[in-house]
Amino acid sequence: MGKLVTSNFNSHNAKQFVESLNETANSLYYVFLGKHTSFSDDNTPPTQNNSPQDAYYQPYRDMIYGKQVTTSDIKHMIANNAWSSGTVYAQYDHTDGDLKNKKFFVHVEEANGDFSVFKCLGNNKGALSVDKPTASETQPDDDIYITTTDRYQWKLMYEVPIATYNKFTTSKKIPIVPHANVSGNAVSGAIDFVTVNTGGSRYNSVANGIVKVTNVGGNSRMVEIESLVSANIAFTQADSNDSGDFQIERIDFLGKHPNGDLYDSSGNPNLSNNIANSVVVEANNASNSLRVVDIAGNFFGDTTQVVVRGQTSTSTAQITSLTSDTSSLSANTDFYKGSTFYVAAGAGAGAAAQISEYIVTGSARRVLLANDTGFATPSGMIIDSTSRFEISPSVTISGDGQGAEGRAIVNTQIGSVDTIEITKRGSGYTYADATIIGNTGIVGSLSADNANVNVIIGPKGGHGSDPINELYSDTVGISVDFTNSEGGNVPANNDFRQIGILKDPLFSNVVITLDNTLTTDNATGSGTSFQDEEVVTQSTSGAFGIVSARSESLLNLSNVYGQFVTSASDTTTHRIVGATSATSSTVASFKTSDKSTSNFTTYDQRFRLTGFAQTTTDAAFSIDEPVIQASTNATGIVHSINTGAGAAVLTITNKKGNWLASDAASGTDYTFDGSLSGGAGTFDDTAGPDIVPNTGEIVYLENVSPITRSDDQTERIKLMIEF
């Protein structure tokens, strides 16, 4: 029996992990560093195994310190596919079961240093990508996505600030930064791309030109058109600035100066006001006329107020008239019936409708549109004489959605459909077929052969709605910075060889400073109003702990779960309450260890021998050596020694047994010895570890080659957790 665990299941598990940090009853995760003693081969760290000893008990003994993972330290991650010119990228295809293993999305660096991620919707039939997409070319709510000059079609998925990119990116992964505008404008079941498998032949009903007359006969759907495949231009030469004759060249059409003049006092045109351009195919300078093709721009309403200038010859002249050549529009009635009339530029750009009738009356060429949506409004026409049109075969999309429309772009040299352009994306499709219609140009008794195409349906929710699922993110990245000593709360010396993630540990000794303590009858109380061994809970934060000591203004809590929050003394929202005594109080301040600035964001897991004194004069303890207190048989491994002014502390990891402090009052000394150095010493008190050993859950563990810490450096720990 065939079984499949879908990629969405992996993404779902990754989402659940990230959400566990953000939800109301959130879990607490800490990245910890451990193992300052050597592996048998530090250059080749052993693979971490999953035995209870190696994956659970020993890491607690080796643990040195940890730092909390905040919501800003965690991101969903995807493959690091940096865009590279000359690469063929796969295009999104909802029928491709191997899409996860293909490069169908890329990231690019923007001019401002940030990064953008794009999904490839079309790859120009498997051509090389040579034009990088950029976010400046699009908007998050664009219906029509970027089509670069290499004819790749791209969809912007999200943008990554440079700081976030640097914090999380590895050689294999980059972060996801959800973009609210992109996801908010995604359309579920939209049709964004249609693949052309074979283009067919004899697609001849193709034309382009300008709108000549709108609202013909008072009908907003009737438009008179003329071709601008070619046109004749008459001009008056500007003798004062004659730089030579016009050539077979590209020309620019230049508008007025701000003061209304076509030329300045020196006879120069306004070069900054380029309003259109074209290509000269025939120049007759003797008769002051040009024949041009491929006119692009908006100046047709007042052509006598335009200057033409040759890009090569720099010859300059004022236009006196422009006459369009209509011979390229068919003289056969209904030749374009069923095709799509599309406004490519000018007023109403983007409007499209099917041609219900094509009417030829003398030299006039008119189309009756199936609807005037985008062409007219109740207050008047949208299109005008600046509107450039294109006629091409229509693409009818059928399926269980609605509203999708398209047009076929034809290679006119061979009469074959080259690409499909979606003019209306529609919505709600889970399946769809496409038929190319209205393109049976009359060529004797022959009609166009049907092209073969596939409709590509967007992912559930639409492109950009859920980049985690869409881009197959099954990895979560965690990036935590250990900055120097974190304000003196963690050590910045020795080295480490193990990195892990600890979930929901219990703090061993949290000291709370109380304020506004009240007993059950709202009488003024104090810390002694609480009871030993009772559970104290702060319902708003979910934190709780067990009373281990109390005084007038202080509570010592052990086995603390969660993180207490402080509040003003007159605030009732965040009060803590004893489960047995019902005494309540506000938390004025707290600390989580013997360090005055300690808090829940870090912990020091070393066992600290305070009041340390070296009792040998001929031998000193050495870092990483095992030590033993012979009288108790307690053992450990030296992590660091501090004998500076105001502090004398020796710290150990791998603590085993019950270490006893010397008692100056009774004169009892409990000496411990170094097994390698021969050093001996005593101490008068202990502190730590901050976390109750073996509490919480180690969910990630990795062995690495040794990394040395220092007071003047920051270690950025990047972990990639794959689900």
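Rings of Phe, Tyr and Trp (its six-membered ring) count as a pair if their centres lie within 6.5 Å, with planes under 30 degrees apart called stacked, over 60 edge-to-face and the rest tilted. What you are looking at is a predicted model, where local features need pLDDT of at least 70, side-chain atom pairs count only at pLDDT 80 or more, and totals for chains, interfaces and linings use all residues. Residues are numbered from 1 along each chain as its sequence is written, and side-chain values use heavy atoms, with hydrogens and water left out.

**View 1. Tyr65 meets Phe482 edge-to-face.** Searching the whole structure turns up 26 aromatic pairs. In this one the ring centres of Tyr65 and Phe482 are 5.6 Å apart and the planes stand at 70°, so the pair is edge-to-face. Tyr65 belongs to strand β2 (residues 63-68) and Phe482 to strand β29 (residues 475-483), so the pair ties together parts that are 417 residues apart in sequence. (Helices, H or I with at least four residues, and strands, E with at least two, are DSSP runs numbered from the N terminus.) Tyr65 and Phe482 are both buried; buried means under 20% relative accessible area, exposed over 50% and partly exposed in between, using a 1.4 Å probe and protein chains only.

**View 2. Phe104 and Phe105 make another edge-to-face pair.** Here the rings sit 5.1 Å centre to centre, with 90° between the planes. Phe104 and Phe105 are both buried.

**View 3. Two lysines sit over aromatic rings.** A charge sits over a ring if NZ of Lys or CZ of Arg is within 6 Å of the ring centre and within 35 degrees of the ring normal. The charged end of Lys119 is over the ring of Tyr92, 4.9 Å from its centre. Lys655 lies over the face of Phe607, at 5.1 Å from the ring centre.

**View 4. Phe507 belongs to the largest nonpolar core.** A nonpolar core is a set of buried Ala, Val, Leu, Ile, Met, Phe, Trp, Tyr and Cys residues joined through side-chain atoms within 4.5 Å. This one has 25 residues, and those with the most contacts inside it are Leu502, Phe507, Ile512, Phe564, Ile576 and Tyr603. Strands β1 (29-34), β31 (510-518), β33 (543-550), β34 (554-561) and β46 (697-708) each chip in at least two residues of this core. Apart from it lies another core of 24 residues, among them Leu21, Tyr29, Leu33 and Val704. Back at Phe507, the aromatic cluster is made up of Tyr30, Phe507, Phe590, Phe600 and Tyr603. Leaving out neighbours within four places in sequence, Phe507 has contacts (heavy atoms within 4.5 Å) that include Ser558, Val560, Thr592, Asp690 and Ile691.

**View 5. Six strands close into a barrel.** Going round, the order is β31-β34-β33-β32-β35-β36, with antiparallel pairing. Two strands pair if DSSP finds at least two bridges between them. β33 and β34 do so in the antiparallel sense over five bridges, and the bridge partner of Ala549 in β34 is Asn556.

**View 6. Strand β11 is covered on both faces.** Six of the six residues of β11 (residues 222-227) are buried, so the strand is largely enclosed by the rest of the structure. Met222, Glu224 and Glu226 take one side, while Val223, Ile225 and Ser227 take the other. Strand β10 (residues 207-213) pairs with β11 in the antiparallel sense over four bridges, and Val213 has Glu224 as its bridge partner in β11. Strand β20 (residues 364-369) also pairs with β11 in the antiparallel sense, over four bridges; there, the bridge partner of Met222 is Leu368.

**View 7. A few loops have backbone quirks worth a look.** Most residues other than glycine have a negative phi, and most peptide bonds are trans. A cis peptide bond joins Gly688 and Pro689, with omega about -5°, and Pro689 is in the loop between β45 (685-687) and β46. Lys35 has a positive phi, near 55°, and is found in the loop between β1 and α2 (52-62). At 14% relative accessibility, Lys35 counts as buried. Glu533 has a positive phi too, near 70°, in the loop between β31 and β32 (535-538). At 60% relative accessibility, Glu533 counts as exposed.
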